[in-house]
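Please find below a colleague's note on the model under discussion. It is arranged as numbered points for reading beside the coordinates.

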Amino acid sequence: MSAESSERAPHAGTGASYAAAGVDIEAGDRAVELMKEWVKKTQRPEVLGGLGGFAGLFDASALKRYERPLLASATDGVGTKVDIARQMGVYDSIGHDLVAMVMDDIVVCGAEPLFMTDYICVGKVHPERVAAIVKGIAEGCVLAGCALVGGETAEHPGLLGPDDFDVAGAGTGVVEADRLLGADRIRSGDAVIAMASSGLHSNGYSLVRHVLFDRAGMSLDQQVEEFGRTLGEELLEPTKIYSLDCLALTRTTEVHAFSHITGGGLAANLARVVPDSLHAVVDRATWAPGAVFDLVGAAGQVERLELEKTLNMGVGMMAVVPEESVDVALATLADRGVDAWVAGAVVERGDRATGAELVGTYAK
């Protein structure tokens, strides 16, 4: 993990310097020192070397146990949720969100998360802030079972304000070719299991911020009775990481597919793993979305279909399993503390226009 930072001190005279341009190399070096202890907590046996190199190293000989290993990769960020973190001065949870967005995409195909790298862009390097972001990334990597093998902290004065920042990450996983999950495995009669989200996760914050702040005039420090905490605390609730829960399912019972519910909402993301000949029907009556979804809808007079194509509506991950696997799947998730339920089923597509739909009315 390196840091693009500043010249040590401007030389006497009138010559230009990196420091005078606003880039502080020493602050970046300090940030790297502060983050080292957190990165160490993510190490796997396959990781070689430490921080400070130009590239992170992962011993690929560990993949020899696979007959035909397929590498899965994904990259993502956390969107405008970073602005909530900036305003609240809370920086560690946003790293947790980043890992969830990347690694839960990777596990959808049945891949085991292996390692991740991050990119943190700031207007000015505040070492403690950068270290807090990396702390959250490292804690998320532990929850996902992957290593944090490197990253970059870039200082962009003049493009970003002194307190502005953004984060992105990329990850890699591996799955045996004959264990690859997806549309090819799904059959008519399969059950669709929903796994509860921890809240908004990390999608739709442009809509949420517009509705709650611009239209409703709410503030981050405002107490919301339905949440039992402030609005800001609710909006910063970390995204749930499902990677190890999904892998546990694949070890205990037959799973045909997973769908990570992110941008685009539940129906659109579920449709991505349903074959053209089939259709997934999800019954809204099987769950009640959390209070934050009700608040966004009511405060902005947002139509239900608009909410559903923007927010996760209380479901962060879905599993498609054979009907005979339902009991074991639900028991496995319950043992792992995951709130899950049968939300629907896969049927023949017929003349339906899309691969998945929501029907009925949400439970109260």
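The points below concern a predicted model and take up a sheet, its helices, the nonpolar cores and the empty spaces.

1. The sheet. Six strands make up an open sheet with mixed pairing, and their order is β11-β13-β8-β14-β12-β15. Strands β11 (257-260) and β15 (356-359) occupy the edges; each has a single partner strand, so one side of each is left without a neighbour in the sheet. From one strand to the next, the twist averages 25 degrees.

2. One strand pair in detail. Strands β8 (residues 191-196) and β14 (residues 340-348) run antiparallel and are joined by five bridges. Within this pairing, V192 has G344 of β14 opposite.

3. Helices on the sheet. Helix α11 (residues 326-335) packs on the sheet and touches β8, β13 and β14. The direction of α11 makes about 10 degrees with that of β8. Helix α7 (residues 243-252) lies across β8, β11 and β13 (315-321), and α7 runs at about 170 degrees to β11.

4. The largest nonpolar core. This core comprises 78 residues, of which F165, L212, L231, L235, L270, V282 and M318 touch the most other members. The greatest contribution comes from helix α3 (residues 92-106), which gives eight residues. L235 merits inspection in the viewer: leaving aside residues up to four places away in sequence, L235 touches K81, I84, L200, Y205, V208, L212, F213, L220 and V292.

5. The second core. A separate core holds 19 residues, among them A191, L249, V321 and L333. Several elements already described recur here: A191 belongs to the range of β8, L249 to that of α7 and V321 to that of β13, and L333 to that of α11.

6. The cavity. How many cavities of 30 Å³ or more does the structure hold? There is one, and about 80 Å³ of space lies in the largest cavity. Its lining consists of Y91, V122, K124, H126, R129, V130, I133, P162, D163, D164 and F165. Helix α4 (residues 127-144) supplies the largest share of that lining, with three residues. F165, a residue of this lining, is also listed among the core members that touch the most others.

7. The largest pocket. About 340 Å³ of space lies in the largest pocket. Sixteen residues line this pocket, and the closest to its centre are G110, V175, R179, L247 and T250. Strand β7 (165-176) and helix α7 each provide at least two residues of the lining.

Terms used: Residues are numbered from 1 along each chain as its sequence is written. This is a predicted model: local features need pLDDT of at least 70, side-chain atom pairs count only at pLDDT 80 or more; totals for chains, interfaces and linings use all residues. Side-chain values use heavy atoms; hydrogens and water are left out. Two strands pair if DSSP finds at least two bridges between them. Helices (H or I, at least four residues) and strands (E, at least two) are DSSP runs, numbered from the N terminus. Axes are lines fitted to C-alpha atoms, for helices over the stretch in contact, and angles run from 0 to 180 degrees between N-to-C directions. Contact means heavy atoms within 4.5 Å. A nonpolar core is a set of buried Ala, Val, Leu, Ile, Met, Phe, Trp, Tyr and Cys residues joined through side-chain atoms within 4.5 Å. Buried means under 20% relative accessible area, exposed over 50%, partly exposed in between (1.4 Å probe, protein chains only). On a 1 Å grid over the protein atoms alone, a cavity is a set of points where a 1.4 Å probe fits but cannot get out, and a pocket is an open set with protein on both sides within 12 Å along at least five of seven lines; lining residues have an atom within 4 Å of a point. Grid points are joined across faces, edges and corners, and a volume is the space filled by probe spheres set on the points.
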